[in-house]
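Let's take a walk through this protein chain, going from the overall picture down to individual side chains. Keep the structure open as you read.

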Amino acid sequence: MAVCLLVAVCGGWLALSKGYYLLVNSKLTDWHAKTVSVSGVTGLLNKEITALAEPYTGKSFSVKDAAALREGIAGRYPMLKNVSVSRGLLSGALNISAKHREPIAKFVLPDDSVRYIDSDSTVYSDPHPDLLKPVPFVELVGDVPDKLSPEFIGLVESTLKLNKELDFAFLQMNLKANTVKMHMPDGSIIDFGPAADLKQKAERAAQIIAFARERYPHPQVLDFQFFKHGKVFLTQTSH
């Protein structure tokens with residue numbers, strides 16, 4: 001009796017497992033979206049992405065379709081990152097998630113269009129930037145790449161932490177020569193030279209500015225061309 005019961009239980013379990021396997025595989029090969037869910041973004045972006053996905057409801061939606069939709073969203077909305085598209089196999093939910101990039105600086109191109117830079121060093125456009133706080137202005141000289149150097153991003157982030165000491169008007173980066181200058185509100189200029197060791201240069205500049213602020217007339221120029229030799233030159237300029 002016990003043996004018969006065990007056989008029956010095993011047989012039932014195998015039948016259920018096979019049935020579930022067939023169900024899941026049928027869902028994988030012929031999955032249909034019943035609902036659309038967008039998370040991570042709000043407002044107009046949420047509505048627009050939802051509208052892009054809604055035509056797929058009630059239709060067969062494969063893994064290939066999911067990849068194409070993800071690429072389409074990422075290409076159309078460069079201000080988004082971590083874009084993902086997934087299928088709820090049994091729920092029928094088409095799930096889309098993304099995250100709005102947070103800019104750390106902005107710049108204006110010759111055609112007056114604005115671009116932003118995030119902490120991943122990605123350069124992107126955004127008609128509705130997520131500006132939780134003001135971002136510094138950067139003047140770029142030369143062709144603008146899709147990404148800027150990690151050294152330059154490190155400089156921007158360092159100066160934001162040194163806001164009181166290095167409260168600059170704008171940064172200038174020459175992409176051809178790979179050099180960086182910082183323009184201060186009083187007309188002083190910090191010429192960092194090559195875009196290397198920028199974090200250390202920013203910290204040294206903050207120390208020199210703090211020391212010279214009450215001792216020497218402004219504007220001034222800080223020249224870092226001999227930084228590798230341990231020297232930074234401070235020169236007063238004419239008004």
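Of the 239 residues in the chain, 34% are buried. Bear in mind that this is a predicted model. The fold is built from five helices and 12 strands. If you look at contacts between residues at least 6 apart in sequence, 50% of them join residues at least 24 apart.

Now for the inside. The largest nonpolar core has 32 residues, and the members that touch the most others are F152, L171, V180, I190 and F192. Several elements each put in at least two residues: the strands β4 (103-108), β7 (138-141), β8 (170-174), β9 (179-183) and β10 (189-194), along with the helices α4 (150-161) and α5 (198-212). Helix α5 gives the largest share, with six residues. A second core lies apart from this one; it has 21 residues, including V38, V41, Y77 and Y124.

What does I190 touch once you set aside neighbours within four places in sequence? Its contacts are L166, V180, K181, M182, M184, A205, I209, L222 and F224.

That last name, F224, brings us to the aromatic rings. The structure has seven aromatic pairs. One of them joins F192 and F224 in a tilted arrangement, with 5.3 Å from centre to centre and 40° between the planes. F192 sits in strand β10, while F224 is in the loop between β11 (220-223) and β12 (233-236), so this pair ties together parts of the chain that are 32 residues apart in sequence. Both F192 and F224 are buried. Elsewhere, W31, Y56 and F61 are linked into a cluster by ring pairs.

Some rings have a charged partner instead. R215 places its charged end over the ring of F211, 4.0 Å from the ring centre. Likewise, R101 lies over the face of Y124, at 5.8 Å from the centre of that ring. Y124 is also one of the members of the 21-residue core.

Next, have a look at a small piece of sheet architecture. Three strands form an open sheet in the order β4-β5-β6, with antiparallel pairing. Its edge strands are β4 and β6 (123-124), each of which pairs on one side only. Between β4 and β5 (residues 114-118), the antiparallel pairing runs over five bridges. For a concrete example, find K106: its bridge partner in β5 is Y116.

Let's finish around V41, which we met in the 21-residue core. V41 lies in the loop between β1 (35-39) and α2 (43-53). Is V41 buried or exposed? The cut-off for buried is under 20% relative accessible area. V41 has a relative accessibility of 5%, so it counts as buried. Leaving out residues up to four places away in sequence, V41 touches N46, I49, L80, A98 and H100. The C-alpha atoms of V41 and K99 are separated by 6.3 Å, although these residues are 58 apart along the chain.

One of those V41 contacts, H100, deserves its own look. H100 belongs to strand β3 (residues 93-100). Its relative accessible area is 15%, so H100 is buried too. The side chain of H100 still has a polar partner: it makes a polar contact with the side chain of D126, at 2.8 Å.

Definitions and conventions:
Residues numbered from 1 in each chain as written. Predicted model: local features only at pLDDT ≥ 70, side-chain atom pairs only at ≥ 80, totals over all residues. Heavy atoms only, no water. Core = buried A, V, L, I, M, F, W, Y, C linked by side-chain atoms within 4.5 Å. Buried < 20%, exposed > 50% of the residue type's maximum accessible area, 1.4 Å probe, protein only. Helix = DSSP H or I, 4+ residues; strand = E, 2+ residues; numbered from the N terminus. Contact = heavy atoms within 4.5 Å. Phe/Tyr/Trp six-rings, centres within 6.5 Å; stacked < 30°, edge-to-face > 60°. Lys NZ or Arg CZ within 6 Å of the ring centre and 35° of its normal. Pairing = 2+ DSSP bridges. Polar contact = N/O pair within 3.5 Å; in protein donor to acceptor, adjacent residues only side chain to side chain.
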